[in-house]
Amino acid sequence: MATDGTNTDAAKDVVIARVVKARGIRGEVACSIETDFPERFHSLRRVTLLMPDQSRSSLEVEDAWFHKDRVILKFEGVDTMSDAERLVGARLVIHESDAMPLDEDEFYEHQLIGSEVITAEGQSVGSVIRLMRTGGTDLLVIEGDGGRELLVPFADDICTEVDVAAKRITINPPEGLMEL
């Protein structure tokens, strides 16, 4: 499963990075990368910033480079540390149609959020509220009856069918998983 961030609203925004701090005196910002496709930053020319107050700005990217586990971006017209500090907390978003194409059996995280989860027998389990990255097999965090959270490994032998269009995931849970 690939990630290009999470879907943020009805406009089909997909988060690819978050501005975490101003960097340097020339207006650069350091961003946490929220995409499995960091190479996209080399060709990124324009980006939409979704600010914490939900306002939007469209900025031209002057330069992009990687430092440790972050991407450093320099935007046109953002030339001082003070300018850059005003961008902290913003999310860099692209339209869902600009997301990288995936193989048939791969999914974006935002495509899974909100999906109804049912057993192979048709019993409703709940809705996916987030994906938990574990370093191994990712876990679907499902909100079930009464707000109870259930963790289900997002593995082929358990999640037997993922229908993105219908927002439905069919699971075949091993014995005892539903009682945890």
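Leaving aside its neighbours within four places in sequence, which residues is T170 in contact with? In this predicted model, the answer brings together several stretches of the chain, for T170 is in contact with I118, T119 and A120, with I158, C159 and T160, and with E161. T170 itself lies in strand 12, and T170 counts as buried because its relative accessible area, 11%, falls under the 20% cut-off.

The surroundings of T170 are best read from the sheet to which strand 12 belongs. Here 6 strands are arranged as an open sheet, with mixed pairing, and the order across the sheet is 10-9-8-7-12-11. Strand 10, covering residues 149–153, and strand 11, covering residues 159–163, stand at the edges, and since each has a single partner strand, one side of each is left without a neighbour in the sheet. On average, and with direction ignored, neighbouring strands of this sheet are turned by 35° against each other.

Within this order, strand 7 has strand 8 on one side and strand 12 on the other. Towards strand 12, the pairing is parallel: residues 116–119 of strand 7 and residues 168–171 of strand 12 are joined over 4 bridges. Two of the positions involved can be picked out in the model, namely E116, whose bridge partner in strand 12 is R168, and V117, which stands opposite I169 of that strand.

Towards strand 8, which spans residues 124–132, strand 7 runs antiparallel, and 3 bridges join the two. One partner to look for is S124 in strand 8, which is the bridge partner of I118. Strands 7 and 8 also form a hairpin, with 4 residues between them, and in its turn G122 has a positive phi of about 95°.

V117, which has its place in strand 7, offers a second view of the packing here. V117 has a relative accessible area of 0% and is therefore buried. Beyond its neighbours within four places in sequence, V117 is in contact with Q123, S124, V125, G126 and V128, and further with I142, I169 and I171. The contact with I169 involves the residue that stands opposite V117 in strand 12, while I142 is 25 residues away in sequence, although the C-alpha atoms of V117 and I142 are 7.8 Å apart in space.

Positive phi values also occur in residues other than glycine. Q54, in the loop between strand 3 (46–50) and strand 4 (56–67), has a phi near 75°, and this residue is partly exposed, with a relative accessible area of 49%. K68, in the loop between strand 4 and strand 5 (70–75), likewise has a positive phi, near 55°; K68 is exposed, since its relative accessible area of 74% lies over the 50% cut-off.

There remains the question of open space. Rolling a probe the size of a water molecule over the atoms shows where empty space is left. The largest pocket holds about 250 Å³ of space, and of the 12 residues that line this pocket, D105, F107, F154, D156 and C159 are the closest to its centre. Taken by class, the lining comprises 6 nonpolar, 2 polar and 4 charged residues. C159 links this pocket to the opening question, being one of the residues closest to the pocket centre and also among those in contact with the buried T170.

Terms used: Residues are numbered from 1 along each chain as its sequence is written. This is a predicted model: local features need pLDDT of at least 70, side-chain atom pairs count only at pLDDT 80 or more; totals for chains, interfaces and linings use all residues. Side-chain values use heavy atoms; hydrogens and water are left out. Two strands pair if DSSP finds at least two bridges between them. Axes are lines fitted to C-alpha atoms, for helices over the stretch in contact, and angles run from 0 to 180 degrees between N-to-C directions. Buried means under 20% relative accessible area, exposed over 50%, partly exposed in between (1.4 Å probe, protein chains only). Contact means heavy atoms within 4.5 Å. On a 1 Å grid over the protein atoms alone, a cavity is a set of points where a 1.4 Å probe fits but cannot get out, and a pocket is an open set with protein on both sides within 12 Å along at least five of seven lines; lining residues have an atom within 4 Å of a point. Grid points are joined across faces, edges and corners, and a volume is the space filled by probe spheres set on the points. Ala, Val, Leu, Ile, Met, Phe, Trp, Tyr, Cys and Pro count as nonpolar, Asp, Glu, Lys and Arg as charged, and the others, Gly among them, as polar.
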